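Me: I'd like a close look at a single part of this one. Could you walk me through it and how it connects to the rest?

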Amino acid sequence: MRVIFAGTPEFARAALEQLLAAGFTVPLVLTQPDRPAGRGMKLQASPVKQCALDHRIPVAQPRSLRLEGKYPDDAAAARDALLAAQADVMVVAAYGLILPQWVLDLPPRGCLNIHASLLPRWRGAAPIHRAIEAGDGETGITIMQMDAGLDTGPMLLTERLAIAPTDTTASLHGRLASLGGRMIVEALELAACGGLRAEPQPAEGITYAHKIEKAESTIDWSQPATLIGQRIRAFDPFPGASTECAGETIKVWSYEIDSNTPNTGKRHGQIISVDSQGVAVACGEGALRLTTLQRAGGKRLAAADFLRGFDLQPGMVLGAAPAAAVAPA
């Protein structure tokens, strides 16, 4: 079976590598244009492009696939490449471009998407982040037949995966990427022998995983400790949960729910106690003990190491700029 692959980040690279390892012929890869990254802001190829080049697979990087859109020449060149590939199916994983109807209709077996949620929950751009942020106990992978809607196509395969209480987006991403790669191989093997069956998505339980914005990273200490903790894990590694302290922005990477430290009479964001085990902070409900922190331009540090270079004291209030200090209650 000849498979066109469309994807961009590491999540997609894992699937491409498993397709190649399973022996599928990939005559063409579509991926996003190279983007500036790093301190020097040099153009860098996506993980999928790097994988394709390693395997000497032709790569197309159109800025758009809309023949009547902003970049019609890009779309026309991509159409020529897609037609020349003479593929049976297209596999899509976190590609980042909308596929117009002409692309969906081009491969004889259509376009299959690897989506990192149990559809119809968390349709959209950031399903892994949003599942952790919402406190979901499980997620999974859905292989679906793509249509013109936003992750609305019929489901072909699903598999569930538990979300551990300590999972971050980074840790869950790795397991889901591996699972997605295995499942798309299974889906294509079933399709080849006529064993793949489509099932419409349920009309109930639809939620949308909107794109993560940097503005969401600021911690709102008036929220319950449990919810703040979920957001800390959801925003690791990007954009990182942050708070203001003494005129600086610090990021919080890990925490413990502190059930032994009362926050009665404390302001939201007020530091209750500081020791080598962490920084206990009052929340809208309960308290968090911050155990891994990072200054701007610095490294992630365990609380004991962080405190050697950044003086935090009980009574200081996080979230103010500069941080306020009140008398300990």
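Where does Tyr208 sit, and what goes on around strand 6?

Reply: Tyr208 belongs to strand 11, which covers residues 208-209. Bear in mind that this is a predicted model. With a relative accessibility of 39%, Tyr208 falls between the 20% limit for buried and the 50% limit for exposed, so it counts as partly exposed. Together with Leu150 and Ile206, Tyr208 makes up a nonpolar surface patch, and the three share about 270 Å² of accessible area.

Now for strand 6, residues 89-93. This strand is mostly covered, with five of its five residues buried. Val89, Val91 and Ala93 point one way, while Met90 and Val92 point the other way. That fits the general pattern, because side chains in a regular strand alternate between the two faces of the sheet.

As for its partners, strand 6 runs parallel to strand 1 (residues 2-7), joined by five bridges, and Phe5 stands opposite Val91 there. Strand 6 also pairs with strand 7 (residues 111-115), again in the parallel sense, over three bridges. In that pairing Met90 stands opposite Cys111.

Phe5 turns up again in the largest nonpolar core, which has 47 residues: Phe5, Leu19, Ile114, Ile141 and Ile143 have the most contacts inside it. Helix 6 (residues 169-192) gives the most to this core, namely ten residues. Leaving aside residues up to four places away in sequence, Leu19 touches Val3, Phe5, Phe24, Val91, Ile184, Val185 and Leu188. There's also a second, separate core of 24 residues, with Ile232, Ile271, Phe310 and Leu312 among them.

Definitions and conventions
Residues are numbered from 1 along each chain as its sequence is written. This is a predicted model: local features need pLDDT of at least 70, side-chain atom pairs count only at pLDDT 80 or more; totals for chains, interfaces and linings use all residues. Side-chain values use heavy atoms; hydrogens and water are left out. Patches are made of residues with over 30% relative accessible area and no salt bridge: like charges are joined within 9 Å, nonpolar side chains (Val, Leu, Ile, Met, Phe, Trp, Tyr) within 5 Å. Accessible areas come from the Shrake-Rupley method with a 1.4 Å probe; for residues, only the protein chains shown count as cover. A salt bridge is a side-chain nitrogen of Lys or Arg within 4 Å of a carboxyl oxygen of Asp or Glu. Helices (H or I, at least four residues) and strands (E, at least two) are DSSP runs, numbered from the N terminus. Buried means under 20% relative accessible area, exposed over 50%, partly exposed in between (1.4 Å probe, protein chains only). A nonpolar core is a set of buried Ala, Val, Leu, Ile, Met, Phe, Trp, Tyr and Cys residues joined through side-chain atoms within 4.5 Å. Contact means heavy atoms within 4.5 Å. Two strands pair if DSSP finds at least two bridges between them.
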